[in-house]
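Reader: I should like to go through the assignments in this model and hear the grounds for each. Please set each value against its criterion.

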Amino acid sequence: MKRNIVLATVAAAALIGGGTVAAYAGSGDDGASPRQSDVRVADDRDDAPKDDTDDRDDAQDDRDDARDDREEAAAQARGADVTAAEAIAAALERTPGTAVSAELDDDGSRVWEVTVVKADGTEHDVRVSAGDGKVLSDRRDDDDDDDGRRDLAALKGSTVDAREAAEAAAAKGTVVEIDLDDDGPAVWKAETTKGEWNVGLKSGAVTAHHDDAGQDDDRNDRDDD
């Protein structure tokens, strides 16, 4: 009887405290030898690793973000009769230099903002109508000219300019932005209604853009060598 009470007490303690408890029953009146009873309690399932679930959630978030970006780009492109390449050409006709970016405003104004860098590194913001391609304004950027000089240095030796990059990226959807990306091996980065793309500075090859992967940049770099 005493042995049963001991076992019940130990089992209850194990259930409350968790883990494994070795319980020894004292010998009974018949002189039987003591024996060990292992009581095991299952681990708390709430503490189980959830890495796979987190990874799936992150991947779904990335897909949702990409879908939202495409929808936003499609909304920007609606009603824009002038392409990125045409806007760049119009801006350069008014302000000779090197175009380093062109972006279609997302505020509904239907205007392309083209950044042109002159040989001395000064930047000009040229606004071009997305409706008829007319230049609306040309304003010199009074900020530090170092950005313009860095862009010119990154483009040294390239054979694909912003206009040509925009034309190449147009095969992947309507371009709403083209920009020089020099975070690593320099490439043209294009945003279209179908996603984001890299365009090689020398090859003109169009590849998918990934913010957190260097493989595409490395591929563009090899193409440009």
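Reader: Which residue in β8 stands opposite Ile-178?

Author: In this predicted model, Ala-190 in β8 is the residue opposite Ile-178.

Reader: What makes β7 and β8 a pair of strands?

Author: Two strands count as paired when at least two bridges are found between them. Strand β7 (residues 175–181) and β8 are linked by six bridges in the antiparallel sense, so the criterion is met. Five residues lie between the strands in their hairpin, where Gly-184 takes a positive phi near 105°.

Reader: How do you know that β8 also pairs with β9?

Author: The same criterion of at least two bridges applies. Between β8 and strand β9 (residues 195–199) there are five bridges, again antiparallel, so these strands are paired too. Glu-191 stands opposite Glu-196 in β9, and a hairpin of two residues joins β8 to β9.

Reader: Why is β8 called mostly covered?

Author: A residue is buried when its relative accessible area is under 20%. Five of the six residues of β8 (residues 187–192) are buried, and therefore the strand is described as mostly covered.

Reader: Why is the sheet called open, and which strands stand at its edges?

Author: Eight strands form the open sheet in the order β6-β5-β4-β3-β7-β8-β9-β10, with antiparallel pairing. The edge strands are β6 (135–141) and β10 (206–208); each has a single partner strand, so one side of each lacks a neighbour in the sheet. From one strand to the next, the twist averages 25°.

Reader: What makes helix α3 a helix that packs on the sheet?

Author: Contact requires heavy atoms within 4.5 Å. Helix α3 (residues 84–94) touches β3 (98–104), β4 (111–117), β5 (123–129), β6 and β7, and its direction makes about 50° with that of β4. Helix α4 (residues 146–154) also packs on the sheet, touching β3, β4, β5 and β7, at about 80° to the direction of β5.

Reader: How do you know that Asp-181 has no salt bridge?

Author: A salt bridge needs a side-chain nitrogen of Lys or Arg within 4 Å of a carboxyl oxygen. For Asp-181, which lies in strand β7 and is buried, the nearest side chain of opposite charge is that of Lys-189, 5.4 Å away. That distance is outside the cut-off, so no salt bridge is assigned.

Reader: What lies 3.1 Å from a polar atom of the Asp-181 side chain?

Author: The backbone nitrogen of Asp-183 does. A polar contact requires N or O atoms within 3.5 Å, so the 3.1 Å separation satisfies the distance limit. Asp-181 also touches Ala-186, Val-187, Lys-189 and His-209, leaving aside residues up to four places away in sequence.

How values were computed: Residues are numbered from 1 along each chain as its sequence is written. This is a predicted model: local features need pLDDT of at least 70, side-chain atom pairs count only at pLDDT 80 or more; totals for chains, interfaces and linings use all residues. Side-chain values use heavy atoms; hydrogens and water are left out. Buried means under 20% relative accessible area, exposed over 50%, partly exposed in between (1.4 Å probe, protein chains only). Helices (H or I, at least four residues) and strands (E, at least two) are DSSP runs, numbered from the N terminus. Axes are lines fitted to C-alpha atoms, for helices over the stretch in contact, and angles run from 0 to 180 degrees between N-to-C directions. Lys and Arg count as positive and Asp and Glu as negative; His and the chain ends are not counted. A polar contact is a pair of N or O atoms within 3.5 Å; within protein, one must be able to donate a hydrogen and the other to accept it, and residues adjacent in sequence count only if both atoms are side-chain atoms.
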